[in-house]
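Reader: Please take me closely through one part of this model, then set it in context. Keep it brisk.

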Amino acid sequence: MKRAVTIQDISCFGKCSLTVALPVISAMGIETAVIPTAVLSTHTGGFEGYTFRDLTGDIPQIAAHWQKLGLGFDAIYTGYLGSPAQVQIVSDFFDAFGRDDNFIVVDPVMGDAGRLYAGFTDELVSGMRRLCAKADYIIPNMTEASLLLDIPYNEDADEAASRDILRRLAELGCRYPVLTGVRRGGEHGALAYNSVSGEFTGSFCRHIDRQLHGTGDIFASVFTGAVTLGKDLGEAVELAVRFTSDCITATLPHADEVWYGSCFELCLGDLIDCLK
Ligand code: PXL
């Protein structure tokens with residue numbers, strides 16, 4: 001059985017980060033270890049007065065125990081990280097657990113729709129840039145790509161502009177950048193760049209004009225699971241685009257009740273079926 005570890009916060013209510021990554025990657029038949037980086041009462045996107053317990057100090061202790069046990073992982077996948085100090089500790093985790101025969105996915109969770117998430121600073125952005133340099137795959141959305149590259153946010157970036165962004169993302173030091181939120185006519189999807197072969201690969205589906213929380217985490221979780229299972233870059237992007245789109249579609253009838261996240265649970269059965 002393949003084994004992944006995902007490192008991100010647990011938002012107790014509101015579907016994102018670990019409450020998405022753990023069920024999605026597990027459903028793909030992959031053992032999924034977790035390191036919760038913080039416990040929040042809710043995610044930070046739209047809820048007032050959320051609590052935030054920082055678990056940064058626990059991460060090196062967890063890592064040290066795992067090293068003593070001789071544990072290893074086929075995939076290491078990081079998402080939302082709450083502070084620059086945490087980014088450095090995760091970077092140390094990569095040094096300790098990264099191997100030639102495993103891979104690292106960094107989803108540089110920092111913002112959406114042209115804005116940084118609450119509480120994030122320039123220092124976090126530069127830490128995330130350094131973390132991306134250590135990853136095999138990075139999965140920024142357009143907002144995060146513009147922060148990483150220090151360029152203006154371009155909501156309407158077309159395929160040609162997206163290719164240019166991907167080439168520049170690879171120059172940060174990551175071989176396989178994947179850009180989400182790419183527009184192509186009336187479609188929406190993701191474009192990936194294999195900087196080793198120079199090839200681009202993308203997947204698109206009908207654009208649904210609906211901003212939902214946690215869709216980036218759904219995409220990154222399915223993508224990580226797919227690569228862990230041996231899918232190639234194009235197949236992983238295709239599966240992640242299709243599943244994320246299915247989750248958004250499944251949420252539309254419930255949209256008033258679930259503005260805090262998508263109904264991905266309704267689609268897990270199909271994800272399992274399509275991997276059989
Ligand atoms: O979905 C990304 C995410 C993860 N974790 C927390 C968040 C967000 C987005 O807002 O607030 C705590």
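**Cysteines, odd backbone angles and the core**

Author: C12 is exposed, with a relative accessible area of 52%; exposed means over 50%, buried under 20%, partly exposed in between (1.4 Å probe, protein chains only). This is a predicted model, in which local features need pLDDT of at least 70 and side-chain atom pairs pLDDT 80 or more, while totals for chains, interfaces and linings use all residues. Residues are numbered from 1 along each chain as its sequence is written, and side-chain values use heavy atoms, without hydrogens or water.

Does C12 sit in a disulfide or stay unpaired? The closest cysteine sulfur, in C16, is 10 Å from that of C12, so it is too far for a bond. A disulfide needs two cysteine sulfur atoms within 2.5 Å. The count comes to zero disulfides. C132 is likewise in no disulfide, and its nearest cysteine sulfur, in C174, is 7.0 Å away. C132 is buried, at 0% relative accessibility. C12, by contrast, is exposed.

Next, the backbone. S17 is not a glycine, yet its phi is positive, near 40 degrees. S17 lies in helix α1, residues 17-27; a helix here is a DSSP run of H or I, at least four residues, numbered from the N terminus. At 1% relative accessibility, S17 is buried. D150 also has a positive phi, about 55 degrees, without being a glycine. D150 sits in the loop between α5 and α6 (159-170). At 67% relative accessibility, D150 is exposed.

Now the interior. The largest nonpolar core has 45 residues. Such a core joins buried Ala, Val, Leu, Ile, Met, Phe, Trp, Tyr and Cys residues through side-chain atoms within 4.5 Å. V5, I76 and F93 have the most contacts inside this core. Helix α3, residues 84-97, gives the core its largest share, six residues.

Take I76. Neighbours within four places in sequence are set aside here. Contact means heavy atoms within 4.5 Å. I76 then touches V5 and I7. I76 is also in contact with F93, F94, F97 and G98. N102, F103, I104 and V105 complete the list for I76. V5 and F93 therefore appear twice: as partners of I76, and beside I76 among the residues with the most contacts inside the core.

A second, separate core has 38 residues. A4, Y137, V227 and C247 are among them.

Methods. Helices (H or I, at least four residues) and strands (E, at least two) are DSSP runs, numbered from the N terminus.
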